[in-house]
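Subject: The structure we talked about

Hi there,

Here is the structure I promised to pass along. Please open it next to this message and have a look as you read.

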Amino acid sequence: MAADPPSAQVEIEQQLLREPFNAALRSRYAQVLLETLQPEAALAQAELLCSQSVQDAPAHVLAARALQAMAQPEAALARYLRAGTLPGFVPDARLQSLLERAQSTATEAPRLQLVGSSARADVRAIQQVSADKVRFSSIVGMEDLKKTIRLKIIEPYLNPGLFARFRMQSGGGILLFGPPGCGKTMLARAVANECNAAFLSVGISDVLNMWMGESERNLAAMFDKARASAPTVLFFDELDALAFSRSKAATSSARTVVNEFLAQLDGMGRDNRGVLILAATNMPWDVDGAMKRPGRFSRQIFVPPPDAAARERMLQIKLTGVPVSAGLDLSAIARRAEHFSGADIDGLIEIAKECALEASLAGGERGVDPDDFAAAFDRMQPSSLDWLRTVRNVVKYAGDDGTYKDVERYLRQVRML
Ligand SMILES: Nc1ncnc2c1ncn2[C@@H]1O[C@H](COP(=O)(O)OP(=O)(O)OP(=O)(O)O)[C@@H](O)[C@H]1O
Ligand SMILES: [Mg+2]
């Protein structure tokens with residue numbers, strides 16, 4: 001990249017820092033990057049736009065143009081074809097000529113006919129792709145949280161130069177905490193996908209059991225592997241298990257693992273720029289204080305249970321394609337599902353579907369109806385309630401160091417404090 005970015009670019013970058021979700025601005029940014037011969041950077045921006053809205057035809061066209069500039073005509077073409085199936089598609093002269101050339105030699109004529117028509121199968125395929133590959137757009141709700149993560153984690157990672165110019169810190173790991181089943185693991189995966197990074201997930205409790213003998217060496221090897229496959233998101237699930245083992249550890253070997261872990265973490269900011277470290281826990285209060293020092297997991301993010309609007313949206317999305325009766329009021333179900341986690345809602349839907357299926361087998365096919373959900377509610381308890389009660393005590397008796405500020409706000413919102 002050129003040593004001095006053009007002033008138009010710097011100006012947009014500054015604005016983007018303030019408005020990371022301004023799609024028009026980001027699109028202009030991608031154009032500028034394209035025009036100044038930075039196709040890889042332009043592609044990264046176009047991908048961000050696409051992930052913010054899968055249906056954004058111009059963003060897919062931008063991605064296609066970037067791919068074309070990167071001398072990847074096939075990928076460019078595939079992308080352009082996809083754009084052609086989306087609303088708001090406007091043909092692009094350069095890509096159109098690429099397409100015409102391909103069409104004249106193509107053996108796959110039917111696929112190339114898609115441009116300009118709204119081929120349903122292809123649209124479904126796109127949704128499939130985004131479902132397989134968790135992105136921010138597949139995570140329901142948490143809009144503020146996604147914005148914070150975008151600004152504090154993804155942007156610095158995708159564009160370290162920009163953040164260096166603003167002298168912002170991006171080192172250290174990030175700890176996601178919150179009740180079970182509310183999307184921590186999903187978020188970590190989505191961050192990896194948004195960063196176009198590899199995802200390496202480590203279950204700490206497995207690690208400890210497995211590595212009793214030569215644990216530190218193996219832990220170091222895990223970090224090495226992450227560095228070697230950089231860019232990588234290295235994700236430590238159940239971080240509390242590690243803290244637990246340290247505070248209660250009888251053996252010195254478990255303590256050495258923790259020390260090695262801390263040493264690796266400390267090394268990260270200095271010489272391992274391509275590795276982003278995330279961790280998750282249900283029990284942040286069990287995580288050792290040493291873990292939370294600056295440069296380690298100093299940034300902690302509360303991942304709350306979904307609110308009523310998010311629950312309703314989840315129900316809508318997860319019931320797509322499932323036959324439902326006309327009387328089914330998703331908003332009422334969402335309201336009744338207070339304190340249900342995302343995983344609980346998956347469970348609720350599964351039970352309701354089973355009930356409907358059973359009824360259909362017994363006496364003629366019918367869709368999922370309110371009675372099925374009533375039966376499902378009888379069999380399901382909201383799993384985040386226990387967690388919220390526990391955390392309420394922690395908040396009440398914890399010192400006022402700001403760690404649980406967001407949790408406190410949430411508890412007030414749901415009238416538990
Ligand atoms: N915001 C969300 N949007 C869509 N689905 C969600 C959301 N949150 C949770 N889910 C559903 O719940 C499932 C469990 O989520 P996930 O594994 O990310 O939770 P977690 O917070 O990591 O839980 P645990 O603490 O038990 O590890 C997901 O696979 C998904 O189906
Ligand atoms: Mg998890």
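Below is what I found, beginning with the ligand, then the sheet, then two residues with unusual backbone angles.

Please keep in mind that this is a predicted model.

**The ligand**

Ligand 1 is surrounded by 17 residues, and the closest are Gly183, Lys184, Thr185, Met186 and Gly342. By character, the shell around ligand 1 splits into 9 nonpolar, 6 polar and 2 charged residues. Helix 11 (184-194) and helix 18 (342-363) are worth finding on your screen, since each of them supplies at least two residues of that shell. Where does ligand 1 lie with respect to the domains? Domain 2 (143-302) and domain 3 (308-379) both give residues to its shell, so ligand 1 lies between them.

**The sheet**

Next, look for an open sheet of 5 strands, in the order 2-3-4-1-5 and with parallel pairing. Strand 2 (198-203) and strand 5 stand at its edges with a single partner strand each, so one side of each has no neighbour in the sheet. From one strand to the next, the twist averages 20°.

Strand 1 (residues 174-177) is a good place to zoom in. Ile174 and Leu176 point one way from strand 1, Leu175 and Phe177 point the other way, and all are buried. Strand 1 runs parallel to strand 4 (residues 275-281), and 4 bridges join the two. In that pairing, leucine 175 stands opposite alanine 279 of strand 4. Strand 1 is also joined by 4 bridges to strand 5 (residues 299-302), again running parallel. Here phenylalanine 177 faces phenylalanine 302 as its opposite in strand 5.

**Two backbone angles to check**

Most residues other than glycine have a negative phi. Which residues have a positive phi without being glycine? Histidine 339 is one of them, with phi near 70°, and arginine 415 is another, with a phi of about 55°.

Histidine 339 lies in the loop between helix 17 (330-336) and helix 18. Helix 18 is one of the helices that supply residues to the shell around ligand 1. Histidine 339 has 19 C-beta neighbours inside 10 Å, so it counts as partly exposed; a buried residue would need 20 or more.

Arginine 415 lies in the segment after helix 21 (405-413). With 6 C-beta neighbours inside 10 Å, arginine 415 counts as exposed.

Happy to go through any of this together.

Best wishes

Technical notes: Residues numbered from 1 in each chain as written. Chains lettered and ligands numbered in written order. Predicted model: local features only at pLDDT ≥ 70, side-chain atom pairs only at ≥ 80, totals over all residues. Near = placed C-beta within 6 Å. Nonpolar A, V, L, I, M, F, W, Y, C, P; charged D, E, K, R; others polar. Domains from an automatic or database assignment. Buried ≥ 20, exposed ≤ 12 C-beta atoms within 10 Å, placed from the backbone. Pairing = 2+ DSSP bridges. Axes fitted to C-alpha atoms, helices over the stretch in contact; angles between N-to-C directions.
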